[in-house]
Amino acid sequence: MLTEEQLKKGFVLGDCEILHDKGVIRRDGQEIRPEPLVWRVLLSIARRNGDLVSKEEIVADAWGGRAVADDPINRAIAGVRQALGDKARPHEYLETLQRRGYRLLKPVELTEVPVADPTASELSPDSGTGSSGWRFVALLLAVAIVAITVLLWPTGPGVNSIAVMPFENHTGTRNNDYIASGFKDVLVRSLGGIEGVTVKNARLNYEQEDDQISELLDVDSVLRASLTRAGEVLTLNYTISRLGQGVVFSGKVEGGLSEQFSLQELLAVMVRRDLVGKSEQTLFKSRSSDSSAYDSYMRGAYLLELRGVAGNLEQAIELFQEAIRLDQSFGPSYLALATAYALLPDYRNQPTQELNSLALATVEQGIAADPTIEEAAASIYGFVYHKEKRWRASEDAHVRAINAEVVDSNAFNWYSRMLASVGRLDASLELALEAVKFDPSSALMNSRAAMAYTWLEDSENAHKYFLRAERLGADGVTYKLAYAFLLTRDGQWQKARALTHEVVRLAETSDDWVDPVYDGLRDSQHAATALLALDKVEQAGELPYQVSLVARTMLGDVEGAMRVAQMLKLPGEVFEMDLLFVPEMKPLRQHPGFMPLLRQLGIVAYWASQECSWAGEQVRCAGD
């Protein structure tokens, strides 16, 4: 069996020249740069030189013997075949032996280059004609070619846009998911500061090849990474592929578990150097000096991203509080805690005013401890001011947030929600599409765009984005009710009815009103029965305000709908105010109490401050 040291010096396999130390495989006049995992699997198979190699042996060599599912192995084998140009069947280079393993179909030919003897004469009589002399000349030529290539090759691959895919956790336990997520989060924020490069934060692992992902997400490059862990040592390997070129860069960072922040910073420096050739910009404005504090922060950030899961938001809050207790100077912990507080009223029906005050107090403590977070905090101020119906202050904060040095897609999402709440539906759609552009694989951003299109009666695009959001795992009462509303408008009664039943059961409330309401919407003769059903469920406190508002208006009970709309004067938003401005709510807007209500909510004053006015059935603004 060949040794890894022999193979790393270079070998030939059929029409492929394998140069491990250079990180390339040359074939058909091209240089392929496989990712580190593919290299390890290729070397494992090449060591056997045509003999059978089992999956267990490959796992031992490439994954250090850690438990690995079949999918990562199959993907690595596919990577080897792609690097060798062996995708057609029957395979020419690598054979699969079912339930047994793999073997090479081409012999391995070593290409060891001798090292010159330093004691030998530099110019012996036969150095120009002998075999060793020609090898020495060839070596010099090779060095010269490499030097010229380094001088002439551009500092970066000309990347204009890049999608950062979810970092894969290959540590063997889901408990380390938060570490992989933390590496990605820091990298995305760092890359966001590169002028002229669009960074898209992908949240979904696609099954397609990188070129297909590039076309799907409208980027020219794709970054993938995988995390492994051996005891207290973390290793993260990454690759960057270009559309039509395959892998153009690869790299690795490795270090102790307690050094996560330093490793994240090193990864960001390496990737930025790959993309632009240098990294003069300061990448990180604040960092935790306590590894335990930073670990708690990352665990909390991971749970906050999955806040729709029961218990995650509460657990995230505890972790952020622990992080602050351990390190009171790390600003991001305050920002994350404030965000969690601000979201509690929406996700857990907690008291709005109390949580808004707590969120702002937390932000202010964070800015005092770490002034570098002030720009990023603008998004939280905007969200809280929105809930307090301080529309102008909310917009000013949101504008600052979306123009910050590093922008998160959620800043556009929250700004879009605020604009819809004051009737600026066209502008809301523009912001929603900006959010999707920043984060095209986010279920939340796609569902926001779907709702924006729905309110504007663009059914074709609304269905398109609802479908995208569904494929990305969108869930929740608001999203599904909006989709049911669209289906109802389009006359897909059966599907809308079934979805509404599903939503109500998800919310664990009575669905006694669903069938009577749909019967009443389809046939006005059943409207009275539908309204009685609504009254009964509403009195029991089991009817969402937005459902009552829309259903009553469409069933002809405009007075009842206006009674519900008056609930918006309570603290908080109570329900999605954008519903006030959708086409189906025209009877409500014609109610004599509608404009006085908008004045009480501060919306008319906001319109005046922004040179907007009510033009019949929609808001018109000078800047739109």
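**Cysteines and salt bridges in a predicted model**

Good morning, colleagues. I begin with one helix: R299 and D295 both lie in helix α9, which spans residues 291–305, and they are 4 residues apart, about one turn of the helix. Helices here are DSSP runs of H or I with at least four residues, while strands are runs of E with at least two, and both are numbered from the N terminus.

Before going further, I should state that this is a predicted model, in which local features need pLDDT of at least 70 and side-chain atom pairs count only at pLDDT 80 or more, whereas totals for chains, interfaces and linings use all residues. Residues are numbered from 1 along each chain as its sequence is written, and side-chain values use heavy atoms, with hydrogens and water left out.

Let me return to the pair in the helix. R299 forms a salt bridge with D295, and their closest N and O atoms are 2.9 Å apart. The term salt bridge denotes a side-chain nitrogen of Lys or Arg within 4 Å of a carboxyl oxygen of Asp or Glu. R299 is partly exposed at 35% relative accessible area, whereas D295 is buried at 17%. For these words, buried is under 20% relative accessible area, exposed is over 50%, and partly exposed is in between, using a 1.4 Å probe and protein chains only.

How many salt bridges does this rule give? The count comes to 31.

A second example joins R26 and E17, whose side chains meet with an N to O distance of 3.8 Å. Here R26 is partly exposed, with a relative accessible area of 31%, and E17 is partly exposed as well, at 32%.

The third example is the pair D557 and R552, which form a salt bridge at 2.9 Å, N to O. Are these two residues buried or exposed? Both D557 and R552 are buried. They also belong to a network of salt bridges that links D535, E538, R552, D557 and R563.

I turn now to the cysteines. The structure holds 1 disulfide, a term for a pair of cysteine sulfur atoms within 2.5 Å. The partners are C612 and C621, with their sulfur atoms 1.9 Å apart. Why is this disulfide called right-handed? The torsion about the S-S bond of C612 and C621 is about 110 degrees, so the disulfide is right-handed. C612 is buried, at 9% relative accessible area, and C621 is buried too, at 10%. Another cysteine, C16, counts as buried at 2% relative accessibility.

Thank you for your attention.
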